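Subject: Structure for you to look at, with notes

Dear colleague,

I am handing over the structure we spoke of, together with my notes on what was found in it. Please open it alongside this message, so that you can follow the notes with the coordinates in view.

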Amino acid sequence: MPMSFTSTPSSDSSVFVTGEAKASANNPITTQFGMFYIALVVEKGTHRILDAECSATLALTNSFVKSLIAGECITEEGLLAERITTRYHGSSQRALLTALRNAATKYRAAVGLT
C-alpha cells in the first residue's frame, strides 16, 4: 500500500524550499503565474520529500507531480529526473526538471550539504 505524504510536519526536522523556472511562452502556467514554481517540504535527517506542490493550472497535474516525487530523496536528483522524464509528458516537463534542480540546490545549501 503506498504511503501518504499529505501532512506537513511542524517540527524542526523539516525545511521548506522552493524552485523556479521559466515555462514556455505558450504554456498556460506562464500566462497565469509568469514562472513555474515548485514548493517542497523536506525532512532534514533523511532528505525525503514529505510534501510537494507546483504552480500547475490543473489539480491533476499537481497531484501527479506530487506522486512522482513525494517520499523520494531530494539529493537523488538523477532518480527524480528519470521519473519525471519517463512518466511526466506535460508541456512543462523541462520547467519542472529545472525547478526541481533549483530547489535541490537551495536544500543542500540550507542543510549544509554544499
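The notes below go from the chain as a whole to the sheet, then to the helices and a few single residues.

Please keep in mind throughout that this is a predicted model. The protein chain holds 4 helices and 3 strands, and when it is read along the sequence these elements follow the pattern β-α-β-β-α-α-α. Of its 114 residues, 39% count as buried, while the surface that the chain exposes comes to about 6500 Å², with carbon and sulfur atoms supplying 55% of that area. If one takes the contacts between residues at least 6 apart in sequence, 56% of them join residues that are at least 24 apart.

The sheet comes next. Its 3 strands form an open sheet in the order β1-β2-β3, and the pairing is antiparallel. The edge strands are β1, residues 14-21, and β3, residues 49-54, each of which pairs on one side only. From one strand to the next, the twist averages 15 degrees. As general background, strands of a sheet pair through backbone hydrogen bonds, in either a parallel or an antiparallel manner.

On one side of the sheet, β1 pairs with β2, residues 36-43, in the antiparallel sense over 8 bridges. Two positions help to fix the register here: Glu-20 has Tyr-37 in β2 as its bridge partner, and Ala-21 stands opposite Phe-36 in β2.

Between β2 and β3, which also run antiparallel, there are 5 bridges. In this pairing Ile-38 stands opposite Cys-54 in β3, and Val-41 has Asp-51 in β3 as its bridge partner. The two strands form a hairpin with 5 residues between them, and the loop that joins β2 and β3 is where His-47 is found. You may wish to look at the backbone of His-47, whose phi is near 65 degrees, a positive value in a residue other than glycine. As for cover, β3 is an edge strand and yet is mostly covered, with 5 of its 6 residues buried.

Turning to the helices, α2, residues 59-69, lies across β2 and β3 and runs at about 150 degrees to β3. The same helix α2 also packs against α3, residues 77-87, at an angle of about 140 degrees, with the two axes 9 Å apart. That angle makes α2 oblique to α3, because it does not exceed the 145 degrees beyond which a pair would count as roughly antiparallel. The crossing in which α2 passes α3 is right-handed. In terms of residues, Phe-64, Ser-67, Leu-68 and Ile-69 in α2 meet Leu-80, Arg-83, Ile-84 and Arg-87 in α3.

Ile-84 appears again in the surroundings of Gln-93, a residue that lies in helix α4, residues 93-111. Leaving aside residues up to four places away in sequence, Gln-93 touches Ile-84, Thr-85 and Tyr-88. Gln-93 and Ala-81 are 12 residues apart in sequence, and their C-alpha atoms are 9.8 Å apart in space.

One further residue seemed worth a note, namely Ala-56, whose place is in the loop between β3 and α2. Is Ala-56 buried or exposed? Its relative accessible area is 13%, and since residues under 20% count as buried, Ala-56 is therefore a buried residue. Ala-56 and Leu-96 are 40 residues apart in sequence, whereas the distance between them in space is 9.9 Å, C-alpha to C-alpha.

With best regards

How values were computed. Residues numbered from 1 in each chain as written. Predicted model: local features only at pLDDT ≥ 70, side-chain atom pairs only at ≥ 80, totals over all residues. Heavy atoms only, no water. Pairing = 2+ DSSP bridges. Axes fitted to C-alpha atoms, helices over the stretch in contact; angles between N-to-C directions. Contact = heavy atoms within 4.5 Å. Buried < 20%, exposed > 50% of the residue type's maximum accessible area, 1.4 Å probe, protein only. Areas by Shrake-Rupley, 256 points an atom, 1.4 Å probe, with all protein chains shown as cover. Parallel < 35°, antiparallel > 145°, perpendicular 65-115°, else oblique. Left-handed = near helix turned anticlockwise from the far one by under 90°.
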